[in-house]
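Me: Take one helix contact and go through it closely. Then work outward to whatever else is worth describing. Keep it brisk and give cut-offs as you go.

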Amino acid sequence: MGQGRWRRVGSALGRVVAVWAVSTLTMLVLAGILPDFKLQSDNGDSATRIAITAALGAGAFGLLSVLVWPLLVRALLLVPALVLGLLAFFLNGSLLLLALSLIPEGRGEAGAETAVVVAAVMSAVASATGGALAVRDDDAYRRRLYRLADRRRRRGPDGTPGPMTPGTVFIQLDGVGHDVLTCAVGKGLMPTVARWLGEGEGAGPPTHRLTPWRTDWSSQTGASQLGILHGSNHDVPAFRWYEKDTGEVMVSNRPASAAELQRRAVRRTGDGGLLAVDGASRGNLFSGGAEQLALVLSMAARRGRENRSRAGYFAYFSDPANAVRTALSFVAEVFREIGESTRARFQRRRPRIGRGGLYPFIRAFATVVERDVVVAAVIGDMLAGRSAVYADLVAYDEVAHHSGPTGKDVEKVLRRLDRSLALLDQVAEHAPRAYRIVVLSDHGQSPGETFRGRYGLTLGDLVRAGCGLPVPRKAQRTHSGAEARSAVRAALRRPVEEGADEHRPARRAEPIVLASGNLGLVSFPDVPHRMTREEIDRRHPALLATLANHPGVGFLLVRSAERGPLVLGARGAEVYLDEDPGPAGLGPLTDFGPGAADAVRRTDGFPHVADIMVNSWYDPDEGEVLAFEEQIGSHGGLGGAQGLPFLLSPLVLGDPVADGTELVGAEQLHGVLRRWLGEDRVPETPLTVPVNDSLFDAPDSTAFAAPGRAAQDKTH
């Protein structure tokens, strides 16, 4: 063994001893503070004896954490991920009680509640001490990363090193719009991004370029990420929609729906996806054809325990220090949200929505647990030298829905996201191959109060009133509800009956009304085909006029039997999209900016587009929309910042688009990313996937493996 090897072994042993000593000291301090925690016999012991007992307890606790903790986490993979972080406290406390029971003569003793506190503090202190020692010793830290990278470096079948061409890491900052990013950089909230762009005091030359891009009409993660990762978001009209041929409501973030959407995209393109060659997909709705998966929703519906999406948490939570640190941050985030929502209520901020119930825990999961697990998985991918990694960080999107796209709440989230980017940038220096870090978003968010908050009724209430169906009494008493019912009376030329004797049509004849941000969808399930404008007018004469003339509605999309796709607006405005109305004839689409007509026309061609598509009102001066859901930061339709995400790419990569042209739609963005993956490396043949309906049925399916590579066991 060489001198350098001995030096490294000595350094490692020194850190272990230091952590053990600090843990022992921590245990002694806690024993002196907590009345229900003792390290001596009932008859009393000398100070030396108590110190030895503490050392034995700390050592036993450390060994059990290393040996038993991973097994406990593996056994708890079936526990919901939201609960697993909280269980970390109690599992750690159980390990401490077991460690104390191993001390001879029963000198170690603690109550159950006290054990949880002691174990949490000891794990946090040990983690902080070990990390501080490793970071302070820069050489040791670098050597550790190099050794880890070398150990993980994969080799080819003949034992030769793998390709050393640059890899690419795509980090999706869910919901962060182009304007939000530039504002955050200007305020100094995101110094890493500012440094990449060459902005800020003392900044060097830029290494990245910032490019805005426009989403499709359906400005939400399901449509955007499917297009980005699989090259097609055809027939995804919204976040949720009703399909008449199956009688099912598709919801983008349901595992079964995500799996079906991915299957359709693969069938349409005949290609495995952006990540089909040596790729990894982390925290996404779709796999992108990656071989390495963690927390991928479309794979969560596959059979077999090894295919459960929460299995991706094992690698992270198997380290008790990670578990305790994340659990502590989780609890802190819960209380932070409770404090912020209470402050907003006392200050009477407007707009504001309810943030009680389970939301504080959901927010903490998105901003802490998901972020920590996904970032750790990406670091592992980089140290393993994978060619392409795509990961989604959802923290901003979740908070912005409830707190609004701007303000102090989301600024804190943006700071933490920037720190995650900085960490990945540092890891790239120690990876076994060079990495190009691309940051992008799938959509933005537009501010504004809810449709219900402004008018006192939901879109569903308005549709039912326009159809002459009963609506809740609260909605009847609103100005909008009264107007709608008056329109029905005028259209039918007879009064609408009130009260309990009101005619109720068969349930299947009632419309299904769904909301996706500020985009609404109205479908009539008893009609097997998409209803035309003429059919709707015959069946419900007042409905289209009621919707189009409502002040909270921007425009409607229906289909004319004779003239094709038709946009309806207030005061009888009509725009026939197949007749090339020109810029001057866009009517209600004018305020929604360039490309609105093309986006609406494209959606009209989807097989599962709703009978009536409803886009909310939009204020181009303030950038506000009205969400049909309970969100004060929303996305899903046209109007404002929700449709303008960003692409932040290294200058070493080619320009995303030619000068003077726009990057429009997720499918075009997929082409840009695929082109970048092909730069500086041997051209690879895209994976051709056999089209069959069993693609997602068999757990051992190799459909998404790289060419010539059998599918390996996956965690997700």
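## Helix packing and beyond

Reply: Tyr359, Ile362, Arg363, Ala366 and Thr367 in H13 touch Ala395, Glu398, Val399, His402 and Ser403 in H14. Contact here means heavy atoms within 4.5 Å. Those residues split into five nonpolar, three polar and two charged. Nonpolar covers Ala, Val, Leu, Ile, Met, Phe, Trp, Tyr, Cys and Pro; charged covers Asp, Glu, Lys and Arg; the others, Gly among them, are polar.

This is a predicted model, so local features need pLDDT of at least 70 and side-chain atom pairs count only at pLDDT 80 or more, while totals for chains, interfaces and linings use all residues. Numbering starts from 1 along each chain as its sequence is written, and side-chain values use heavy atoms, with hydrogens and water left out.

Now the geometry. Helix H13 spans residues 359–384, and helix H14 spans residues 395–403. Helices (H or I, at least four residues) and strands (E, at least two) are DSSP runs numbered from the N terminus. The two helices pack at about 150°, with axes 8 Å apart. Axes are lines fitted to C-alpha atoms, for helices over the stretch in contact, and angles between N-to-C directions run from 0 to 180 degrees. H13 and H14 are therefore roughly antiparallel. Angles over 145 degrees earn that label; under 35 is roughly parallel, 65 to 115 roughly perpendicular, and the rest oblique. H13 passes H14 in a left-handed crossing. Left-handed means that the near helix is turned anticlockwise from the far one by less than a right angle; clockwise makes it right-handed.

H13 has a further partner in helix H15 (residues 408–428). Here the angle is about 10° and the axes lie 10 Å apart. H13 and H15 are therefore roughly parallel. The crossing of H13 with H15 is right-handed. On the H13 side, Arg363, Thr367, Arg371, Val375, Val378, Ile379, Met382 and Leu383 take part. On the H15 side, the residues are Asp409, Arg416, Ser420, Leu423, Leu424, Val427 and Ala428. By class, this contact holds nine nonpolar, two polar and four charged residues.

Next, the sheets. Strands of a sheet pair through backbone hydrogen bonds, either parallel or antiparallel. An open sheet of seven strands has the order E4-E21-E10-E3-E9-E7-E8, with mixed pairing. Two strands pair if DSSP finds at least two bridges between them. Strand E4 (208–212) and strand E8 (292–294) are the edges; each has a single partner strand, so one side of each has no neighbour in the sheet. Neighbouring strands turn by 15° against each other on average, direction ignored. E3 and strand E10 (residues 435–440) pair in the parallel sense over six bridges. Gln172 has Leu440 in E10 as its bridge partner. Helix H9 (residues 221–230) lies across E3, E9 and E10, at about 175° to E9.

E3 and E9 also carry an aromatic pair: Phe170 sits in strand E3 (residues 167–173) and Tyr390 in strand E9 (residues 388–393), 220 residues apart. Their ring centres are 6.0 Å apart and the planes stand at 35°, so the pair is tilted. Rings of Phe, Tyr and Trp (its six-membered ring) pair with centres within 6.5 Å; planes under 30 degrees apart are stacked, over 60 edge-to-face, and the rest tilted. The whole structure holds seven aromatic pairs.

Another open sheet has six strands in the order E12-E13-E17-E14-E15-E16, paired antiparallel. Strand E12 (512–516) and strand E16 (574–576) form the edges, each with a single partner strand, so one side of each lacks a neighbour in the sheet. The twist averages 20° from one strand to the next. Helix H17 (residues 459–466) packs on this sheet, touching E12, strand E13 (519–523) and strand E17 (612–616). The direction of H17 makes about 150° with that of E12. Helix H22 (residues 596–604) lies across strand E14 (553–560), E15 and E17, at about 45° to E14.

E12 and E13 pair antiparallel over five bridges. Ala515 stands opposite Gly520 in E13. Their hairpin has two residues between the strands, and Gly517 takes a positive phi near 70°. Three bridges join strand E15 (residues 564–568) to E16. There, Leu568 stands opposite Glu574.

Last, Arg530. Arg530 sits in the loop between E13 and helix H20 (533–539). The C-alpha atoms of Arg530 and Ala610 are 7.0 Å apart, across 80 residues of chain. Leaving out residues up to four places away in sequence, Arg530 touches several others, including Lys244, Glu535, Asp604 and Asp611.
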